[in-house]
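Got the viewer open? Here's a short walk through a few spots worth selecting.

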Amino acid sequence: MRFCLSLWALMPTFKLTIEYDGTGYHGWQVQPGMSTIQGVLEHAMERIIGTHVHVKGAGRTDAGVHATGQVASLRADFRYPPDILRRALTSLLPPDIVVTRVEGAPDGFDAQRWAQWKRYRYTLLTRPYPSALERRYTLFVPYPLKSDAMAEAASLLIGEHDFSSFQAARSSADHPVRQVFRATFRQEDDYLFFEIAADGFLRHMIRIIMGTLLDVGRGKLGPRDLKVILEARDRNRASKTVSPHALCLMEVGYQPFHSTHPSPSPARGRRQG
């Protein structure tokens with residue numbers, strides 16, 4: 001047994017950056033009888049290594065949520081350059097999951113525990129007619145929105161708060177306090193992008209926030225009402241949970257978040273999700 005443990009300790013650690021279309025999956029985390037991103041990656045690693053390899057993600061994205069910058073860590077007896085592992089995974093994974101980068105990581109690197117912040121984007125399509133090509137990655141909003149009021153309301157989320165009002169029932173979080181570093185809106189043509197970066201997120205937190213901000217945009221709520229809802233610490237005070245399909249994990253950070261951290265302009269196509 002000691003010999004096996006020492007061999008495991010000597011295995012190299014890898015950091016994977018992953019892009020995926022979450023439409024056909026029941027989220028990141030392995031679930032019995034269901035297709036998940038983690039499950040597909042672990043199956044591919046088993047085919048490469050010949051034994052089960054645990055792939056740990058930085059965040060457990062929900063069913064239907066996409067990613068362009070998910071990060072995962074693993075330890076495996078793979079003695080070739082990291083890019084060889086990337087190419088091997090590319091040859092085995094389905095086309096809706098792509099490992100864009102594999103790097104050697106320090107011993108003990110843990111994609112979840114070492115993460116200091118995550119940045120998500122929610123994409124609204126704001127025009128009178130929907131899109132046949134982008135229906136999987138945008139939420140169609142045919143009515144006018146007061147985007148300035150939405151941006152004002154979103155700014156009230158910045159800082160450390162108890163986000164109980166924006167937490168789904170049956171959440172497994174130990175506590176509801178999170179620190180939000182950025183919460184901004186940007187309009188580009190017919191697309192309204194909401195970006196939020198925080199040290200962590202509660203279950204369905206972004207989707208409940210987005211539903212509440214949409215009510216601000218429609219004039220059903222005022223910008224300052226969001227502060228009242230936040231301070232109430234009561235899920236019943238916030239608005240409905242919007243669909244997951246327009247949400248995308250853009251980036252995971254392993255250094256402290258700075259206010260000057262760039263927020264790149266979104267590319268057209270599936271990255272908008």
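We'll go from a helix pair to the core and then to a glutamate.

Before clicking, note that this is a predicted model: local features need pLDDT of at least 70 and side-chain atom pairs count only at pLDDT 80 or more, while totals for chains, interfaces and linings use all residues. Numbering runs from 1 along each chain as its sequence is written, and side-chain values use heavy atoms, with hydrogens and water left out.

**Stop 1: the helix pair.** Select 37-49 (α2) and 82-92 (α3): their axes come within 10 Å and cross at roughly 115 degrees. Axes here are lines fitted to C-alpha atoms over the stretch in contact, with angles from 0 to 180 degrees between N-to-C directions; helices are DSSP runs (H or I, at least four residues) and strands likewise (E, at least two). Now show side chains: Ala 44, Met 45, Arg 47 and Ile 48 of α2 meet Leu 85, Ala 88, Leu 89 and Leu 92 of α3, where contact means heavy atoms within 4.5 Å.

**Stop 2: the core.** Jump to Leu 213, in contact with Met 150, Ala 153, Ala 154, Phe 185, Phe 194 and Leu 226, leaving aside neighbours within four places in sequence.

**Stop 3: Glu 195.** Select strand β9 (residues 191-198) and find Glu 195 in it. Buried or exposed? Glu 195 is buried, at 1% relative accessible area; buried means under 20%, exposed over 50%, partly exposed in between (1.4 Å probe, protein chains only). Add Arg 119 and Arg 121: the Glu 195 side chain makes a polar contact with the Arg 119 side chain at 3.1 Å, and another of 2.4 Å joins it to that of Arg 121. A polar contact is a pair of N or O atoms within 3.5 Å; within protein, one must be able to donate a hydrogen and the other to accept it, and residues adjacent in sequence count only if both atoms are side-chain atoms.
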